[in-house]
Amino acid sequence: MRSTLLFLGLSLATVAFVFAQPKKVMPVYIDKTGTFRWTKDNKEAAFFGVNYTTPFAHAYRAHLALGINPEEAIKQDVYHMARLGLDAFRVHVWDTEISDVEGNLLNNEHLRLYDFLLAELKKRNIKTIITPIAFWGNGYPERDEETPGFSRFYGRGKLTTNDSAIVAQENYLKQFFNHINPYTKLSYQDDPDIIAVEINNEPAHSGPKEGVTNYVNRLTKAIKSTGWIKPVFYNISQGPYYADAVAASGVDGFSFQWYPSGLVSGSTLVGNYLPHVDKYTIPFDSIPAFRNKGLMVYEFDAADILQSYMYPAMVRGFREAGMGWATQFAYDPLAMANVNTEYQTHYLNLAYTPSKAISMLIASKVFHKLPRFKNFGTYPADSTFDVFRVSYKHALSEMNDEKEFYYSNTTTSKPVNPTKLVNVAGVGSSHVVSYNGSGAYFLDKLGEGVWRLEVMPDAIHIRDPFEKASPVKPVTHIEWNMNQMRINLPALGADFSVKPLNEKNNYTTTAVNQVFHISPGTYLLIQKGKQISDTYKSGVIGISEFVAPTATKKSLSLHHVPLKQVSANKAFTLRATVTGLDNGNISVIFSTSNGRYRTLEMVEKSTHQFELLVPEDLLQPGMLNYRMVIKQDNNYTLFPGAIKENPNAWDSYQINTWSTLVAAPHTQLELYNPTVDKAIRTYPVWRRGFQVTTTAGEIPGQLVLRLTASDLKDVETMGFQYSFTENVVGRRQELNQFKTLVLRARSSKPVEATITLVNVYGQSFSAPVKTTDHFQEIEIPLMQFKAGKSLLLPRPYPGFLPLTFNGGAGKFDLHEIEKVEITTGNNFTAAEKERGLTLEIERIGLKK
């Protein structure tokens, strides 16, 4: 009897448990054409956002080191993601931090914060694709810690081939997807805001192809054994050799990445990189099993580029390729964005990189508005597409339609219909907003005659953010300034009132002829005489919400980059960016070639920006040496070096200066000199037997660039490229006088090479050149350069993307040329490629 009752009790409990289970949800599915669609109405779905890492690895440790609560940091960053209109989140979960060797899930602080992050994203209607296995250690940029997980134990290479490692992953995935998020009270498969899974991050496959298919299917089966019915994705672009093996698996779609400017340049890339993103080419259409599957971009970025013109162009390429999901890597947490230590090659944050952030907002609009597979032509024709525009020359992304007007930098475009505008956001000035601050701002219409204004503090870049990073080396300062703003919206009129909304903000003012002063915060703008209500809403953004970093602790800083050379007897402008200066003046002390000194005062042209027009009489041929001094009352600070010293004192001994060459009228214009010009880009990249060095040449003090390849088998070409804009900007007034390019070079054997000049539109002009085994000065008349193609360097990643770009025939104008390139080996026979080659470049210049 007791056994029967026990059985009945267990049976009833089981039935009750089954009925109590939440209904499995599949909010999004992939249709037979590979389109993401909403299950509720079958309409196409598209998702665009970022990766973000605060629960794990370096970002987690950095927050603790700063004494910042990670939960509060997550709330702040998620608000900014929503403010930018993002609706997608992805990050590779550091399994090494939340698992043991056998794949058991560790319910620890990292997992808890990940769950907290997912819950915060849910509040903002931001969807998630989960990538549960990262493979990586948790150190970068620090050393890896001795984490307990299976990834550290087996290593990335064995995780896809070793059966014990695969068993551990299967165990981990089953526990991971059965785990209940304590904040949402849902498992990941039951959470409607988690729409898919990407099994792992950048697998390192090896061995037979059938083993790869089997591995993917085993992990897919483990996930589905938990009741998972949502789409499953797998990375196909990391190892193109195994693409057919991945396609043969049972997954629903494939993931891709795009780093069109490479990674970890070590400095800010200069030049036009729009040709690098002209098209995202997928080479797998010949695989039948690949066709009509869902496509996602798990990571992308315009790495090492600070300008704000790239993201919308990249997204245009994604939509043309058929992508339904794209997430940038990675959004910098607010708490550590001032130093950019998380990933030095990436830099994106609303407060610290306002122009790039607005460009991301515009890119999100592109991703959601453009249809899949639509082609807009070839660069530069595709710089304007639909209601969007990108411009390298103006460092600009822009969206302009009847209801929305967004711009990442000052623009001269007129809004399509100012009377119908609902949302405006930007940096700098436009026909709608004139602003002399450097932070981003947002205008959102709440009702007739009532707008919400959000103003971020000023961001001032003081160092190259893509150099080697350190937590004690700030790259961007934040200042809370009272800046002038003018808003020209017909619906607001000329004399609207400005009322504070965010906490601890008591600033109130009234515009006079559309002009007023404003400090960071959130405000209501109210048309004169308008009665307001308390029912205004602004989507997933709280009406009074505001998040911004505190002002950087006041410290005097001056950032200046000297021109390499200028024209004699031609006035030019010196510029400096200064922070931490409340009062005082800035002067430049010149040391002339005849040994005399002269002091001239700089003028503040805009917030933090100072200029001085250097007069012609100071610009005699020779070296112009100078330093800058900031005088505050009786205190002096000398630059370079931030030295506290009065330069006029009898015991002043500091001699640090900046130097600029003042070129005589007939001096050649140096485009490339390996002794001083280091930021070259070479091809091939990371190839065994290929070396790039600078070494001594025949002239004392003059280095030469040496490219050495033991062989060139399976290599399209060998060469280098240099962006020389900084070398010529001070002598632009002379450019029309130069008629000949001069190359001094040699090679290990006589070879034919090609020298190419690339303009700001990506159009190339090439000329043949022959080098021998001794240095010779080769002169090529500029009129001999004809339309050609150029390398895309740094090499875009993945490696199946185009290596070269042909921008078509254009007009040769030396004022618009910005890169020089030398290549060879293109026409080598197989035997010639086996013998290898050494190429040495001593200098490239222009001659009158």
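## Val-264 and the surface around it

Val-264 sits in the loop that runs between strand 10 (253–258) and strand 11 (294–300). The model described here is a predicted one, and the positions and values that follow should be read with that in mind. With a relative accessibility of 47%, Val-264 counts as partly exposed, because that class takes in residues between the limit for buried, under 20%, and the limit for exposed, over 50%. Together with Tyr-140 and Leu-263, Val-264 makes a nonpolar surface patch of about 270 Å².

## The second largest pocket

Val-264 also appears in the description of a pocket. The second largest pocket holds about 1300 Å³ of space. Its lining is made by 47 residues, of which Gly-262, Leu-263, Val-264, Trp-686 and Tyr-797 are the closest to its centre. Leu-263 and Val-264 are thus named both among these residues closest to the pocket centre and among the members of the nonpolar surface patch.

Two elements, helix 2 (57–65) and strand 39 (681–683), each supply at least two residues of the lining of this second largest pocket. Sorted by class, the lining residues of the second largest pocket comprise 22 that are nonpolar, 18 that are polar and seven that are charged.

## Enclosed cavities

How many cavities of 30 Å³ or more are counted in the structure? The count comes to four cavities of that volume. The largest cavity contains about 90 Å³ of space, and the residues that line it include Asn-272, Pro-275, His-276, Gln-721, Glu-818 and Lys-819. Strand 44 (751–759), strand 48 (790–791) and strand 50 (817–824) each supply at least two residues of the lining of the largest cavity, and the lining divides into four nonpolar, six polar and two charged residues.

The second largest cavity contains about 60 Å³ of space. Its lining consists of Leu-669, Leu-671, Phe-724, Val-728, Leu-735, Leu-757, Leu-814, Ile-817 and Leu-846. By class, these lining residues of the second largest cavity are nine nonpolar, with no polar and no charged residues, whereas the lining of the largest cavity has six polar and two charged residues beside its four nonpolar ones.

## Salt bridges

Side chains of opposite charge can pair when their charged atoms come close. Across the whole structure, a search finds 43 salt bridges. One of the pairs is formed by Glu-816 and Lys-393, whose closest N and O atoms are 4.0 Å apart. This pair links distant parts of the chain, 423 residues apart, since Glu-816 lies in the loop between strand 49 (804–805) and strand 50, while Lys-393 lies in the loop between strand 14 (388–391) and strand 15 (396–400). Lys-393 is exposed, with a relative accessible area of 52%, because the limit for that class is over 50%.

Another salt bridge brings together the side chains of Glu-467 and Lys-473, with a distance of 3.1 Å from N to O; Glu-467 counts as partly exposed, at 32% relative accessibility. In a further pair, the closest N and O atoms of Arg-731 and Glu-734 are 2.8 Å apart, and both Arg-731 and Glu-734 are buried. Elsewhere, Glu-698, Arg-706, Arg-744, Arg-746, Glu-840 and Glu-842 are joined into one network by salt bridges that share partners.

## Backbone details in loops

Which residues are joined to Pro-380 and to Pro-794 by a cis peptide bond? Tyr-379 is joined to Pro-380 in this way, with an omega of about 10 degrees, and Pro-380 lies in the loop between helix 11 (354–369) and strand 13 (384–385). Leu-793 is joined to Pro-794 by a cis peptide bond with an omega of about -5 degrees, and Pro-794 lies in the loop between strand 48 and strand 49.

Positive phi values are found at Asn-125 and Asp-386, neither of which is a glycine. For Asn-125, phi is about 60 degrees; Asn-125 belongs to the loop between helix 5 (109–123) and strand 5 (127–130), and at 45% relative accessibility Asn-125 counts as partly exposed. For Asp-386, phi is near 55 degrees; Asp-386 is placed in the loop between strand 13 and strand 14, and at 39% relative accessibility Asp-386 counts as partly exposed.

Note on methods. Residues are numbered from 1 along each chain as its sequence is written. This is a predicted model: local features need pLDDT of at least 70, side-chain atom pairs count only at pLDDT 80 or more; totals for chains, interfaces and linings use all residues. Side-chain values use heavy atoms; hydrogens and water are left out. Patches are made of residues with over 30% relative accessible area and no salt bridge: like charges are joined within 9 Å, nonpolar side chains (Val, Leu, Ile, Met, Phe, Trp, Tyr) within 5 Å. Accessible areas come from the Shrake-Rupley method with a 1.4 Å probe; for residues, only the protein chains shown count as cover. Helices (H or I, at least four residues) and strands (E, at least two) are DSSP runs, numbered from the N terminus. Buried means under 20% relative accessible area, exposed over 50%, partly exposed in between (1.4 Å probe, protein chains only). On a 1 Å grid over the protein atoms alone, a cavity is a set of points where a 1.4 Å probe fits but cannot get out, and a pocket is an open set with protein on both sides within 12 Å along at least five of seven lines; lining residues have an atom within 4 Å of a point. Grid points are joined across faces, edges and corners, and a volume is the space filled by probe spheres set on the points. Ala, Val, Leu, Ile, Met, Phe, Trp, Tyr, Cys and Pro count as nonpolar, Asp, Glu, Lys and Arg as charged, and the others, Gly among them, as polar.
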